Amino acid sequence: MCLALPAEVVAISADNETAIVALGGVKKEISVALLEEIAVGDFVLVHVGFALHRLSPEEAARTLKMIEEAGEDPLEELSA
Amino acid sequence: MKYVDEFRNGHLAKRLAASIAREADTGRSYHVMEFCGGHTHAIFRYGVQDLMPANVQFVHGPGCPVCVLPMGRIDNAIELAERHGAIVCTYGDMMRVPASERKSLIKAKAAGADIRMVYSIRDAMRIARETPGREVVFFAIGFETTTPPSAVAIRDARAEGLKNFSVFCNHVLTPPAIQRIMETPDVSESRTIAIDGFLGPAHVSAVIGSQPYEPFAAAFGRPVVIAGFEPLDVMQAMLMVIRQLNEGRHEVENEYVRVVTREGNLKAQALVADVFEVRDTFEWRGLGDVPFSALRIREAFGDFDAERRFSIETRKVRDAKSCECPSILRGAKKPLDCKLFGTACTPESPIGSCMVSSEGACAAYWTYGRFRQGPQKEAAA
């Protein structure tokens, strides 16, 4: 129910109320009334036809790095 | 898909699992409740529980809005279509949820009621524009994620003068429900459930931020780590909970920083506050009447409130006998503890709400077949 998917903004309406997003080849018009500002190329979280929040590419990269580091054994290399 | 596939990397999952096994103290156990059905679904779909050591257990929480809605409210929605002749629009998850007398929205639709499944409340508004002679009611359910879209729709409907459109509001709030879990006798007194920490909501927190959980973590002395809905998110957040417990900390931490901030989406919060106000109390399946746990439409937008327009009154309806949904929603029981699981109750013919939504614990057990690997209980059932 609270599932939401990250999609890329490809066009924004003149009144800043709606946008076209692309998700794996599918394009859809959604409302961006819940966002303060938005630009083409941003990734937004799409939920029931609305963009809920922008995704931060920097934070996504940081989390992945954290996950990679968490998986490292500080004492020795894990062989299997 | 960008921002999805990276967080499903099997190689990294194995390494994270090894870290969890290394850091989890074998002298104790870790019972961590994932509040959200979205987490429950990910845990089963990707077999995350199987990657955990035996002393690290997920306890499934009530965060499935379809599952916690009391039957009386679904009866109300069916009556709107059958008695008032309204076009009732709702999210797909609601269609099969059992109402009284084993009815459901989908059965009422089959019997001729005009009930339509929509992707978005914007679709319901479009239907209202296209059928000006009919009343169109959006049966709104969900936590803080679906609430801002409902707020935008009600605001726009008033601005546009869309007079045949209204919303039957069943939006509920996450923080009071999490608190209620810690206050149920199962947890607070008899200690039949141990909950050492929580995985906090992903997209609810995108809207409300991480701040609202801070008083809870302090008051109940439990760590809360906000987690994304992908398997690596869930595992990383579990590792963060384990570290907090090992160090004797109980803070709110945020694993899902690519979306969630401490403040959340302020514009969405302001819109919600404009349109909705908190109800004194609301019934949750499994949790009973929970004070200040749901929203209703403010009087200023009363023309778009289906409860006012159709003078809706909700009866209390008892759940089906033997259905363990209420205990399962509190984390007190697991689906396999229910005699109906997989016998009388299946996704094709559900008796309890937890078997309906893909985020319900019973549906997750059933869909991914994990119960088949379990103890011999199935054969006996």
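**Exercise 1.** Which residue takes a positive phi in the hairpin of β2(A) and β3(A)?

*Solution.* The model is a predicted one, and the work begins with the two strands themselves. Step one is to establish the pairing: β2(A) runs antiparallel to strand β3 of chain A, residues 26-31, over six bridges. Step two is to find a pair of residues across these strands, and here Ile20(A) stands opposite Glu29(A) in β3(A). Step three is to look at the turn, where two residues lie between the strands and Gly24(A) has the positive phi, near 50°.

**Exercise 2.** Work out how β1(A) and β2(A) are joined.

*Solution.* Strand β1 of chain A covers residues 5-12 and strand β2 of chain A covers residues 18-23, and the two pair in the antiparallel sense over four bridges. Across this pairing, Glu8(A) faces Ala22(A) in β2(A). The two strands form a hairpin with five residues between them, and in its turn Asn16(A) has a positive phi of about 65°.

**Exercise 3.** How many residues does each chain bring to the contact between chain A and chain B, and what is the make-up of the side of chain B?

*Solution.* Counting by chain, 45 residues come from chain B and 32 residues from chain A. On the side of chain B that touches chain A, several helices supply at least two residues each, among them α1 (10-23), α7 (147-160) and α12 (231-246) of chain B. The largest share of that side, five residues, is supplied by α1(B). Sorted by character, the residues of the side of chain B that touches chain A comprise 25 nonpolar, eleven polar and nine charged ones.

Technical notes
Residues numbered from 1 in each chain as written. Chains lettered and ligands numbered in written order. Predicted model: local features only at pLDDT ≥ 70, side-chain atom pairs only at ≥ 80, totals over all residues. Contact = placed C-beta atoms within 7 Å. Nonpolar A, V, L, I, M, F, W, Y, C, P; charged D, E, K, R; others polar. Pairing = 2+ DSSP bridges.
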